[in-house]
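Here are my notes on this one, point by point. Have the structure open while you read.

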Amino acid sequence: MSLEISGDKWSFLIIRDIMFAGTKTYDKLLKSEEGIATNILADHLKMIMENGIIEQVQRGNSRSSSAYRLTKKGIDLLTIMAEI
């Protein structure tokens with residue numbers, strides 16, 4: 001995990017929510033108690049995906065049914081996240 005991602009609180013919180021709550025939809029991530037703005041969430045999800053930590057998966061025919069889950073690289077962060 002690069003310093004750019006790990007040093008960012010929003011990326012950390014998004015990864016935490018996906019890691020410890022399972023596959024999450026955009027709407028569920030948006031409604032987290034930390035109150036992330038939609039534009040910030042979209043930007044950070046894109047960055048985290050580009051770094052290979054999460055992937056977007058379709059759970060139905062509509063775009064709104066897609067969700068995010070950890071990749072192998074993301075799963076490997078479990079021990080680091082647990083330590084933090």
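1. First, a term for the fold string: helices (H or I, at least four residues) and strands (E, at least two) are DSSP runs, numbered from the N terminus. Read that way, the chain goes α-α-β-α-α-β-β-α-α from the N terminus on, with 6 helices and 3 strands in total. Keep in mind that this is a predicted model.

2. Some overall figures. The chain has 84 residues, and 38% of them count as buried. About 5,300 Å² of the chain is exposed, with carbon and sulfur atoms supplying 51% of that area. If you take the contacts with a separation of 6 or more, 45% of them join residues 24 or more positions apart.

3. Now the charged pairs. Side chains of opposite charge can pair when their charged atoms come close. The count here comes to 4 salt bridges, and Arg16, Asp17 and Glu34 are linked in a network of them. One leg of that network joins arginine 16 to aspartate 17, at 2.8 Å from N to O. The other pair to look at is arginine 16 with glutamate 34, at 3.0 Å from N to O. Arginine 16 sits in helix H2 (residues 9-21) and glutamate 34 in the loop between helix H3 (26-30) and helix H4 (38-50), so this pair ties together parts that are 18 residues apart in sequence.

4. Which members of that network are buried, and which are partly exposed? Aspartate 17 is buried, at 13% relative accessible area, because the cut-off for buried is under 20%. Arginine 16 comes out partly exposed at 26%, and glutamate 34 is partly exposed too, at 29%.

5. Over in the strands there is another salt bridge, between arginine 69 and glutamate 55, whose closest N and O atoms are 2.7 Å apart. Arginine 69 belongs to strand E3 (residues 66-70) and glutamate 55 to strand E2 (residues 54-58), so the pair links distant parts of the chain, 14 residues apart. Both ends are partly exposed: arginine 69 has a relative accessibility of 38%, and glutamate 55 has 30%.

6. How many cavities of 30 Å³ or more turn up? The count is 1, and the largest cavity has a volume of about 50 Å³. Its lining consists of Trp10, Leu13, Ile14, Asp17, Leu29, Ser32, Glu34, Ile36 and Leu41. H2 gives the largest share of that lining, with 4 residues. By class, the lining divides into 6 nonpolar, 1 polar and 2 charged residues. Asp17 and Glu34, among the lining residues, also belong to the salt-bridge network with Arg16.

7. Last, a look at the C-terminal side. Leucine 78 lies in helix H6 (residues 78-83) and is partly exposed, with a relative accessible area of 41%. What does leucine 78 touch, leaving aside its neighbours within four places in sequence? The contacts are Met19 and Phe20. Arginine 16 is also worth checking from here: leucine 78 and arginine 16 are 62 residues apart in sequence, with their C-alpha atoms 9.2 Å apart in space.

Technical notes. Residues are numbered from 1 along each chain as its sequence is written. This is a predicted model: local features need pLDDT of at least 70, side-chain atom pairs count only at pLDDT 80 or more; totals for chains, interfaces and linings use all residues. Side-chain values use heavy atoms; hydrogens and water are left out. Buried means under 20% relative accessible area, exposed over 50%, partly exposed in between (1.4 Å probe, protein chains only). Contact means heavy atoms within 4.5 Å. Accessible areas come from the Shrake-Rupley method with a 1.4 Å probe; for residues, only the protein chains shown count as cover. A salt bridge is a side-chain nitrogen of Lys or Arg within 4 Å of a carboxyl oxygen of Asp or Glu. On a 1 Å grid over the protein atoms alone, a cavity is a set of points where a 1.4 Å probe fits but cannot get out, and a pocket is an open set with protein on both sides within 12 Å along at least five of seven lines; lining residues have an atom within 4 Å of a point. Grid points are joined across faces, edges and corners, and a volume is the space filled by probe spheres set on the points. Ala, Val, Leu, Ile, Met, Phe, Trp, Tyr, Cys and Pro count as nonpolar, Asp, Glu, Lys and Arg as charged, and the others, Gly among them, as polar.
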